[in-house]
Amino acid sequence: MTYSKRLKQKIAEGLEDKVSASVRQMVTRVQGPIIQEMIQKFDRAELRPRKEYAIGHLAELVDQSVARLQENGFIVFRARTAGEAVDYILKLVQGGSVVKSKSNAVKEIGLVDALEAAGVTVVETDLGDRICQMGSIPASHPIGPALHVPVQKVAELFAAETGQPVPPVPEEIVKVARETLRQRFFEAKVGLSGANAICADTGSVVVMENEGNIRNVTNLPPVHIIVAGIEKIVPTLEDGIKVARVAGLYGMGLDFATYVSVISGPSRTHAVEGKVVHGLQGPGEVHIVLLEEGRWEAIKEGFAESLYCINCGSCLGRCPVYGELGERYGYKYFGGIGVIRTAFNNSLEKALEAGLTLCLNCRKCVAACPVHINTPGMIQRLRERAVAEQGMDWGRKMLLMQLLNNSSAIQKLAPVVGSLVCNRDGKGGWYPRYSLFGIEKGRRLPELSKKSFLSGAPRQSGKGEQKIAYFAGCLNNIVFPRVANATLRVLQQSDVQVIVPPGQKCCGYPSLVNGDRDGAVRNAIANLKVFASTGVEVIVTDCATCYSSLTGYPELLAGDPRWAGIAREFAGKVKELAQYLVEIGFQPAADKAQRRVTYHQPCHLTAHGMTQGRDLLQSMPGLQFVPSQLEDNCCGFGGTFNLDFYQLSKTIGAHKIQPIQKSGAEVVVTSCPGCMVQLMDLLGSAGQRPVVMHISELLTGGGGQHG
Amino acid sequence: MGKTFAPPGVVEEISARRRQKLARYPGLGEQYLKVRRDALRQMDALVEKAIQTLRAKKCQVHLAADAAEARELILNLVDAPMVVKSRSLALGEIGVVPALEAKGVKVVETALGDFVVQLAGERPAHPVLPAWHISETEILNVLKSKLGVAGDLHRALAGVREHLRRYLVSAAYGLTGANAVVAENGSLVIMEDEGNARAVSNLPHTHIAVVGIEKIVPDQEDAMTVCRTAAVYGTGQDIGNYLSIITGPSSTGDIQGKQVFGMHGPKRVIVILLDNGRRRCLESGFEELLYCNNCGACLEVCPVFKARGPAYGHHYPGGRGAAFAAFTDGITAAREAGLDWCQSCGKCREVCPAGINTPELIKRLSVIL
Ligand code: SF4
Ligand code: SF4
Ligand code: SF4
């Protein structure tokens, strides 16, 4: 099976698995606001610089840690690979039972399977993990793995374990679980844990939890084995405490987890003549396996940022793809960051299977991350590698190079060809009869305009001192010329001359997210040339995605001395439509129809902290603004994502649509033609309200439609 | 007792380790002093904040005005025939062990040094190393005669481990002190080397911690400074072997998202914040006495302590301990603790992380009392 077949299969399974999806979404719904509130109150924005320093000096910090850990009496093993780590531990653990606490590193190296294959009994001690283990139930959530298991079932599992009846009451079950697991702790020869941080200066290991099981795992058996990636190393004890604080805050919404333990060697005493003797109430032997697998490569190849991750799980709660697919998005580590780690801990092929192509680039994870890891940015770079290694398929190439290439022959032909291969619904919707360019047949697409916007746009319009330029973007150009025209009208109302430079290209975003960096660079340079000759001070775009892409040119061209400066100057002039209108003090005319309107905030504006679209609507006289919940949740469009993973995209979108419908609005307004395509598909297929409009259509009093 | 108060070599070994660690952390003493000063100068606010955050974390909190009140609280709480206990000078200060024993409750010391001292029927000689006046041979003899564990030190200690485990698993109450209370989060910070305090604070259903109000610090980082200092100046370690930062009772939400307490650790955490003369000490200009973190560094250099051992001091050993007794137990107690023995050599001040000027404080005390 190719990776893409396996991936498609995982997606299908994920979309089937409604139970765990509803648990994840419930946890996000309940926990999300609490976590947000706690972050507001307690976050100190202190971790990023510490992690930057730590990973930037990792080689010396590893050496220092090893020396200090050894000085403290730890037995340190540096494992270059997962296999070495497993072999080392298998030699240490000969039969008997092992009590274990949650650990990503233990999972990464596949230790539990290896131990069990060697005849060792491994007992999970976190209650949720233990429930899943006893019932052979797959986990539904990284923090609450057994949240989907009914209390009745949990009681049965413990009744089977103890041979005694257990009432289906959480309090009673906890009592029984405490007692049965206690015995396991005392019987076990080895305790197995991970680490949240390793402090190089004091040679200490930091672990955190709420139940107290880790304290027992690390204190009661005579031998304790810790497995931790070298990226867990931080310079000081205080840094280790910060990691624990931030992980509790972003992961669980706690200002501090119930138990944070700092362990600095085997149990010892100085009580007898001041001599050091090991193994009092705690373990007399502590091994720490420092796992290097893939970490040095990640640093060498420019992906050091991926190692800033503290596995708090905050990003997972916000990621729309993870919300639907759960642990199927990722491999040993989950979500977008998990995919990146897979590329280095395993292989690019594995990363593809883990979902390298699934990221929507919505940037929710970046906003949710305590260290602001640019996950989508790294994913994009890995896609470039994948394209370089494996090439791009023909259909995708056509789409990027031809259909989205303004004024190409194919683009001109597309409306004609499209109308031949699609059924129409008379409301501006097309239903393809065949699948082409990866577009599934039977789905609803907006009709391609017979004439593209740019082919007939006035080069210059409006009167005024100031000259501004308009960047249309390819969706407006070929699908929504009416939006582009409405935008022109809005701009003309504000006493400026509007120039529509001919020869402008697609912003390059579709190429970039598809791993075709060269294509994106080509388009960027073409656009820079076209706009440079206009001599304007402001370039307005009414597409949120184009805004994000155009303002990203300096980064895209940072390595090209010929264009980097020009790109910076260009990006400084780019304004999103609503942003521009608010800046010039635009007063929207009254909405004569007095419509009830709600707003969908595009991810690409949230990522830049821009909310002017919503502000404009709220200031529009006569209009009744009705907010919808989750206004800034992703619609699931994601550009070509929507072509590749239509069902997934639609499922993500469904969560978006519900609150929009609930708001009771007649019109849903947004600022991105991409989001419009998605909303129109989801709302329009069923002919449902509200109708979808671009903000400029609303501002010019337009009627809006589903097509 | 007529003994040397430390077996030969111990002091030298510890001070060599301490020198090495001090070179590693230059400025630690000043940093520590700053943390303490800043905290003491907002003590009332910190006490209030700590009470509020500890309660928010579902701890039961009591502010005990004096030793008797704290003691009574515990006596009324404990309804079991046996409790386990870890090393704490505050527990000694409130005299809870004899009081519990008088009530017929067996109190099991779980730190090796205290356990040995308890078995031998002696008094702790040092705040960190209570049995440092007892030699290895004597310890082995006591263990053999009282517990029946024989063999070399390792074998004997394995026997002690098993012996104590039996109590640790069956005790309903665990008694500890704490090195710091973190006001921001409502956390107790307990530092130790053996793992016994972890067991005492994790295995029983109820954990009772007694802490002097001067131990409250604003945040976790401050608590780390306090712990580092105690470790470096105490036994010459970078940090104690185990830090347990405990923020509320053990809980799980793994069954249907319902929060249930007492999963693997205690269901109930009771914190007794102890005043017992500390406010008065602060208010009457003896703030410096509250800088002490009981590291014991001063004892090694004090000529009086060398000669008289634990007789010099009261609940807390040495000159500083004698002076502090004036606030916890009154002037008579302070005099009995040897307030007048101080030779004003100032050696203690030189080694103290906070530079506490014990001879000067003692002089001032003698004048006003
Ligand atoms: S950018 Fe969006 S889709 Fe991609 S990993 Fe982040 S949250 Fe998930
Ligand atoms: S990438 Fe995700 S798990 Fe990692 S630190 Fe950021 S939010 Fe937490
Ligand atoms: S007075 Fe100073 S040296 Fe003596 S125990 Fe207290 S802090 Fe340590």
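These questions and answers walk through a predicted model.

Visitor: Which residues come nearest to ligand 1?
Guide: The shell around ligand 1 holds 13 residues. Five of them, from chain A, come nearest. They are Cys319(A), Cys359(A), Cys362(A), Arg363(A) and Cys365(A).

Visitor: Which elements give two or more residues to that shell around ligand 1?
Guide: Both belong to chain A. One covers residues 320–325, the other 364–368. They are helix H15 and helix H18.

Visitor: How many residues of each class does the shell around ligand 1 have?
Guide: Cys counts as nonpolar and Arg as charged. Sorted this way, the shell has nine nonpolar, two polar and two charged residues.

Visitor: Is Ile11(A) buried or exposed?
Guide: Ile11(A) sits in helix H1 of chain A, residues 3–16. Its relative accessibility is 7%. The cut-off for buried is under 20%, so Ile11(A) counts as buried.

Visitor: With which residues is Ile11(A) in contact, leaving aside its neighbours within four places in sequence?
Guide: Sequence distance can mislead here. Ile11(A) and Gly326(A) are 315 residues apart in sequence, yet their C-alpha atoms are 9.9 Å apart in space. For contact, heavy atoms must lie within 4.5 Å. The residues in contact with Ile11(A) are Leu325(A), Leu358(A), Phe645(A) and Leu648(A).

Visitor: How many helices and strands does chain B have, and why is it as compact as a globular protein of its length?
Guide: Chain B has 18 helices and 12 strands. For its 369 residues the globule rule gives 21 Å. Chain B is as compact as a globular protein of that length because its radius of gyration is close to that, at 20 Å.

Visitor: What share of the residues of chain B count as buried?
Guide: The C-alpha trace of chain B spans about 65 × 55 × 45 Å along its principal axes. Chain B exposes about 13,000 Å², with 52% supplied by carbon and sulfur atoms. Of its 369 residues, the buried share is 64%.

Visitor: Among contacts in chain B between residues at least 6 apart in sequence, what share join residues at least 24 apart?
Guide: Contacts between residues under 6 apart are left out of this count. Of the rest, the share joining residues at least 24 apart is 74%.

Visitor: Which three residues supply more than any other three of the area that chain B buries against chain A?
Guide: The contact takes 77 residues from chain B and 80 from chain A. Together the chains bury about 6,400 Å², 50% of it on carbon and sulfur atoms. Three residues supply 12% of the area on the chain B side: Asp254(B), Ile255(B) and His264(B).

How values were computed
Residues are numbered from 1 along each chain as its sequence is written. Chains are lettered from A and ligands numbered from 1 in the order in which they are written. This is a predicted model: local features need pLDDT of at least 70, side-chain atom pairs count only at pLDDT 80 or more; totals for chains, interfaces and linings use all residues. Side-chain values use heavy atoms; hydrogens and water are left out. A residue is near a molecule or strand if one of its heavy atoms lies within 4 Å of it. Helices (H or I, at least four residues) and strands (E, at least two) are DSSP runs, numbered from the N terminus. The radius of gyration is taken over C-alpha atoms; the globule rule is 2.2 Å times the number of residues to the power 0.38. Buried means under 20% relative accessible area, exposed over 50%, partly exposed in between (1.4 Å probe, protein chains only). Accessible areas come from the Shrake-Rupley method with a 1.4 Å probe; for residues, only the protein chains shown count as cover. Buried area is the accessible area (1.4 Å probe) that two parts lose on being put together, summed over both.
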